[in-house]
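Trainee: Could we go through this model together? I would like to begin with the overall layout and then turn to details.

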Amino acid sequence: MSIESRLKKILSRFGDPVENGAYHGKATRYWSFNVSTHGANFADDMPQDEICLVQIHLFAPRTFNYLNCI
């Protein structure tokens, strides 16, 4: 299972739309995320590991109490 599919599965539990990158729907509350990967621990000019950087964003109306998501 890819990182993107895992994030979509986890975030969809909140009942809001989830999108990798920009969201173009009409919902006023939604989740957006982006994943960036790069190599690490180089040996023989090849990466031995992969590092994944993940950012998750909740877009919601100003009056939304986001503490309920915890």
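Mentor: This is a predicted model. From the N terminus on, its elements run α-β-β-β, which amounts to 1 helix and 3 strands.

Trainee: Is the protein as a whole spread out or compact, by the globule rule?

Mentor: The protein is more spread out than a compact globule, because its radius of gyration is 16 Å, well over the 11 Å that the rule gives for 70 residues. Along the principal axes, the C-alpha atoms fill a box of roughly 55 × 25 × 20 Å.

Trainee: And what share of the residues is buried?

Mentor: Buried residues account for 16% of the 70 residues.

Trainee: Let us turn to the strands. How do S2 and S3 run, and how many bridges join them?

Mentor: They run antiparallel and are joined by 13 bridges. One position to look at is valine 35, which stands opposite valine 54 in S3.

Trainee: What lies between S2 and S3?

Mentor: The two strands form a hairpin with 2 residues between them. In that turn, aspartate 44 has a positive phi of about 55 degrees.

Trainee: Where does S1 fit in, and in which sense does it pair with S2?

Mentor: Strand S1, residues 18-20, pairs with S2 in the parallel sense over 3 bridges. Glutamate 19 stands opposite serine 32 in S2.

Trainee: Changing topic: how many aromatic pairs are there?

Mentor: The count comes to 3 aromatic pairs. One of them is formed by tyrosine 30 and phenylalanine 59, which are stacked at 5.0 Å centre to centre with 15 degrees between the planes.

Trainee: Why does that angle count as stacked?

Mentor: The cut-off for stacked is under 30 degrees between the planes, and this pair has 15 degrees.

Trainee: Where in the chain are the two partners?

Mentor: Tyrosine 30 is in strand S2 (residues 30-43) and phenylalanine 59 is in strand S3 (residues 46-59), so the pair links distant parts of the chain, 29 residues apart. Tyr23, Tyr30 and Phe59 form one aromatic cluster.

Trainee: Are those two partners buried or exposed?

Mentor: Tyrosine 30 is buried, with a relative accessible area of 17%, whereas phenylalanine 59 counts as partly exposed at 39%.

Trainee: One last topic: which residues make the nonpolar surface patch?

Mentor: Ile3, Val54 and Ile56 make a patch of about 220 Å². Of these, isoleucine 56 lies in strand S3 and is partly exposed, with a relative accessible area of 42%. Val54 is also the residue that valine 35 stands opposite.

Terms used: Residues numbered from 1 in each chain as written. Predicted model: local features only at pLDDT ≥ 70, side-chain atom pairs only at ≥ 80, totals over all residues. Heavy atoms only, no water. Phe/Tyr/Trp six-rings, centres within 6.5 Å; stacked < 30°, edge-to-face > 60°. Helix = DSSP H or I, 4+ residues; strand = E, 2+ residues; numbered from the N terminus. Buried < 20%, exposed > 50% of the residue type's maximum accessible area, 1.4 Å probe, protein only. Patch = residues over 30% accessible without salt bridge, like charges linked within 9 Å, V, L, I, M, F, W, Y side chains within 5 Å. Areas by Shrake-Rupley, 256 points an atom, 1.4 Å probe, with all protein chains shown as cover. Salt bridge = Lys/Arg side-chain N within 4 Å of Asp/Glu carboxyl O. Pairing = 2+ DSSP bridges. Rg over C-alpha atoms; globule rule 2.2 N^0.38 Å.
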